[in-house]
Amino acid sequence: MKISVVGCGYLGAVHAAAMAELGHDVIGIDVDQAKIDALAAGKAPFFEPGLPEILTSASASGRLAFSIDTSAAKDATVHFIAVGTPQKPGSHSADMTYVDAAVDALLPFLKPGDLVVGKSTVPVGTAARLAEKVRTAEPKADLAWNPEFLREGFAVKDTISPDRLVYGVSPDPEAGAAAKAVLDEVYAKALSEDTPLVVTDYATAELVKISANAFLATKISFINAIAEIADVTGANVTELADAIGYDARIGRRFLNAGIGFGGGCLPKDIRAFGARAEELGRGESLAFLKEVDAINLRRRQYVVDLVVDMLGGQAFEKKVAVLGLAFKPDSDDIRDSPALDIAVQLNGLGAVVSATDPHAISNARAKHPQLHYVEDAREAVKDAEIVLLLTEWNEYRELVPADLEGLVAGKKIVDGRNVLTSATWADAGWEYRAMGRP
Ligand code: UGA
């Protein structure tokens, strides 16, 4: 199929490359010239495992091109909207500027039979509103909503082999069936592998996406709330999560207590969902998401307070090593990263913070130039009075006391992701503190 993908960020760049990898002819479009130049040269503009490989092979096949000009979408018949919906400044709502701009830019190039396919996470009601715009511009074009569930770090796999597909289609049966047929062709490979498919209306498709993220955020905040109780009772939240996770109705995944969730999705999505519920007169239905948010943000403060306490009551002039800045491992994304937030807060208290991350330093430096960034963990921990493990990259998970001894000034470590073995550190004479774990 001939496909355009408007928006080439973490979602769109992977989607464009993956669609080409699946055999489609793809044009990726973005307003950021630097991003387009990098992608056109076969270079991933951000760190995502597997993306460079599919960019290279898709570009070599001649099936993948990039442009800054939306008119490049004129030959495509399926147009994916993959731009961001960040939190609107001064509000908890989603900022729809980019989605509207992307659709408006496409309208002059739509032809009879074209399908605009929304992938961005949007407030419920958006698809119906945009469908009107599409049909007004070209009565024989249509719109579908096809939410994306990819996780950063696994984005290529999640796009090529998703765990489910959701199509929100037009209420008009004929138009809905036509949209489904087009999407079935786009996703023929995944469907041939028995990927579950839910075909539904626009509102349900929009709500599926944001409900999934709200549920995941709630699951993480639930276990972090239990971690708070474990902290004051001497219980072990990791063993507790293992035990409740054996119940298939609960499941063990997304029950890792720590410094909480961040990133470009979960934090802003729970706020946008709450804001939309209020607009709909149902604020009380999602009021619990405010508590989910509050529990999550409390984790960052908890770590800052813990570090100050471990440093004897004040952080001023104390040398603090921070291992990990990305919001999670296998990503260079620092949007709303709890790790970076903690580093910045400690710096604000006068601590001398040396921070490192395998891939997120340049993004972190651009946003917070005041921190001292170093290339690796050995350099970061040199003369540190306390070490904080805040993003669980594999190389930090594997740390043992002998790796740091002889470098650090103080044998104190905070395991913000509960990934180290406490006995190993305690036996080596370290003051080891974790999250809801003795
Ligand atoms: C999330 C969803 O998981 C995807 O399904 C969705 O498509 C995506 O948002 C999106 O809306 O685009 P992502 O933001 O890549 O994906 O990251 P997650 O793997 O969900 O992790 C989010 C945060 O939760 C990270 O900071 C992670 O460290 C934290 N987390 C995760 C925990 O603190 N504990 C856990 O047990 C799991």
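This note sets out points on a predicted model, taking the sheet, its helices, the ligand site and one helix end in turn.

1. The sheet. Six strands form an open sheet in the order β11-β10-β9-β12-β13-β14, and their pairing is parallel. Its edges are β11 (372–373) and β14 (431–434), each of which pairs on one side only.

2. Pairing of β9 and β10. Strand β9 (residues 319–323) and strand β10 (residues 352–356) run parallel and are joined by five bridges. Within this pair, Ala321 has Ser354 of β10 as its bridge partner.

3. Helices on the sheet. Helix α12 (residues 288–310) packs on the sheet through contacts with β12 (386–389), β13 (412–415) and β14. The direction of α12 makes about 170 degrees with that of β13. Helix α13 (residues 338–348) also packs on the sheet, where it touches β9, β10, β11 and β12. For α13, the angle between its direction and that of β10 is about 160 degrees. Strand β12 is thus among the strands touched by α12 and among those touched by α13.

4. Polar atoms around the ligand. Backbone and side-chain atoms of the protein both lie beside ligand oxygens. A polar backbone atom of Leu150 is 2.7 Å from an oxygen atom of the ligand, and a backbone N or O atom of Gly262 lies 3.1 Å from a ligand oxygen atom. From Lys328, a polar side-chain atom lies 2.8 Å from an oxygen atom of the ligand.

5. Cover of the ligand. On its own the ligand has 720 Å² of accessible area, and the protein covers 91% of it. Two elements give two or more residues to the surrounding shell, namely α9 (202–233) and α11 (266–279). Helix α9 gives the most, with four residues.

6. Make-up of the shell. The ligand is surrounded by 21 residues, and the closest are Leu150, Glu152, Lys209, Asn213 and Phe327. Sorted by class, the shell holds ten nonpolar, four polar and seven charged residues.

7. The ends of α2. At the N-terminal end of helix α2 (residues 33–40), Asp32 acts as a cap: one of its side-chain oxygens lies 3.0 Å from the backbone nitrogen of Ala34. Just after the helix, Gly42 takes a positive phi of about 80 degrees.

Conventions. Residues are numbered from 1 along each chain as its sequence is written. This is a predicted model: local features need pLDDT of at least 70, side-chain atom pairs count only at pLDDT 80 or more; totals for chains, interfaces and linings use all residues. Side-chain values use heavy atoms; hydrogens and water are left out. A polar contact is a pair of N or O atoms within 3.5 Å; within protein, one must be able to donate a hydrogen and the other to accept it, and residues adjacent in sequence count only if both atoms are side-chain atoms. Two strands pair if DSSP finds at least two bridges between them. Contact means heavy atoms within 4.5 Å. Axes are lines fitted to C-alpha atoms, for helices over the stretch in contact, and angles run from 0 to 180 degrees between N-to-C directions. A residue is near a molecule or strand if one of its heavy atoms lies within 4 Å of it. Accessible areas come from the Shrake-Rupley method with a 1.4 Å probe; for residues, only the protein chains shown count as cover. Ala, Val, Leu, Ile, Met, Phe, Trp, Tyr, Cys and Pro count as nonpolar, Asp, Glu, Lys and Arg as charged, and the others, Gly among them, as polar.
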